[in-house]
Amino acid sequence: MSGSAEVWAVIVALGLGSFGLRFVFLGLVGDRAMPDWVLRHLRYTAVAVLPALVAPLVVWPNATDGDPDPARLAAAIATVTVGYLTRNVFAGMGVGAATLIGLTALL
Amino acid sequence: MSSYWRGLRDGAPFLVVIIPFAMLFGVLATEAGLPLHETLGFSVVVIAGAAQFTALQLLNENAPTLVVIASALAVNLRMAMYSASITPHLGRLPLWKRGVVAYFLVDQTYAQAILDYEKIPNQTSSEKFAYFMGVMSPICPPWYVFTLVGALVGETIPENLGLDFALPIAFLAMVGPMMRTPAHRIAALVAVILALAFAWLPFNTGLLVAGLGGMIAGAQAELRLGVAP
């Protein structure tokens, strides 16, 4: 492991860099109007990035060392489906968790 | 119910995700030889799970400092997309409040806030800010506290509880209600396909390809199908 000065250099640089990434639009654009084509793309940020973030975790779970797992796949599908149909986040989470726990116990 | 309390309620389920994840970081950082103040420093100053784990792993492998920093920042590049996406909602806030939001802008706070802003569009900027602070409260302070707990206790929550999957379930439960129009569904589908196809790219950069690809697909679908946003 590296020395303390290096670890703190990493912490501070990462902290500043991460804040910069988070602040870049909020701080610099602020309430200035953005062009329509930019706004049109930004409308789909969350609905694109979040599924992309979890898709590999669903198909190749860490817990099974990357082997696809029927219980986790089923839980993921149940979560999205219930969330989509009910428009209720808590309902999706509940059914997803119950599916995972139930199938893990059964399989 | 006030916006703050509504946010607190909606953010609370994320405790199930945050507690084991934060404790794991505390344990691994301590095992890697980091003293308490450095371990906690990471969680307070950087406040970004995946980037912290990346930095820790590379520090452990004695990678050059610049490589550690650049790699962990690459993992965090999606934060700039979150910043852009939330600016139409919070850009009118005073600068210091925008600074506060930026510091606390992580996957969970961003996702929950944007879901609420789209669900209830007529909120004022200060209501949206209060909601964001409510969502942040059960997510960010527990991130510090349970990093500390992990470092002090030296034990993680047992892996066989299926908690590894709490994060995917939490995000997928939010994706469901976000898929309001055909354009949203196309964006999600394209992003998933690209994320799986480019999962081999280093430092999470496959996620950027997938995110940008999904956004372009959604915007194109909106134009060509004439979908109302």
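Let us start at Ala187(B): beyond its neighbours within four places in sequence, this residue is in contact with Tyr44(A), Val47(A) and Ala48(A), and also with Gly214(B), Met215(B), Ala217(B) and Gly218(B). Here two residues are in contact if their C-beta atoms, placed from the backbone, lie within 7 Å. This is a predicted model, in which local features need pLDDT of at least 70 and side-chain atom pairs count only at pLDDT 80 or more, while totals for chains, interfaces and linings use all residues. Residues are numbered from 1 along each chain as its sequence is written, with chains lettered from A and ligands numbered from 1 in the order in which they are written.

Ala187(B) and Ala52(A) touch the most other members of the largest nonpolar core, which has 114 residues. Such a core is a set of buried Ala, Val, Leu, Ile, Met, Phe, Trp, Tyr and Cys residues joined through C-beta atoms within 7 Å; buried means that 20 or more other C-beta atoms lie within 10 Å of the residue's own. In chain A, helix H3 (residues 45–59) gives the most to this core, namely eleven residues.

Now step back to chain A as a whole. Its secondary structure comes to five helices and zero strands, as DSSP runs (H or I, at least four residues, for helices; E, at least two, for strands). Domain 1 spans 1–32 and domain 2 spans 44–106, with bounds from an automatic or database domain assignment. Their C-alpha centres lie 31 Å apart. Of the 107 residues of chain A, 48% count as buried.

Terms used. A residue is buried if 20 or more other C-beta atoms lie within 10 Å of its own, exposed if 12 or fewer, and partly exposed in between; C-beta atoms are placed from the backbone.
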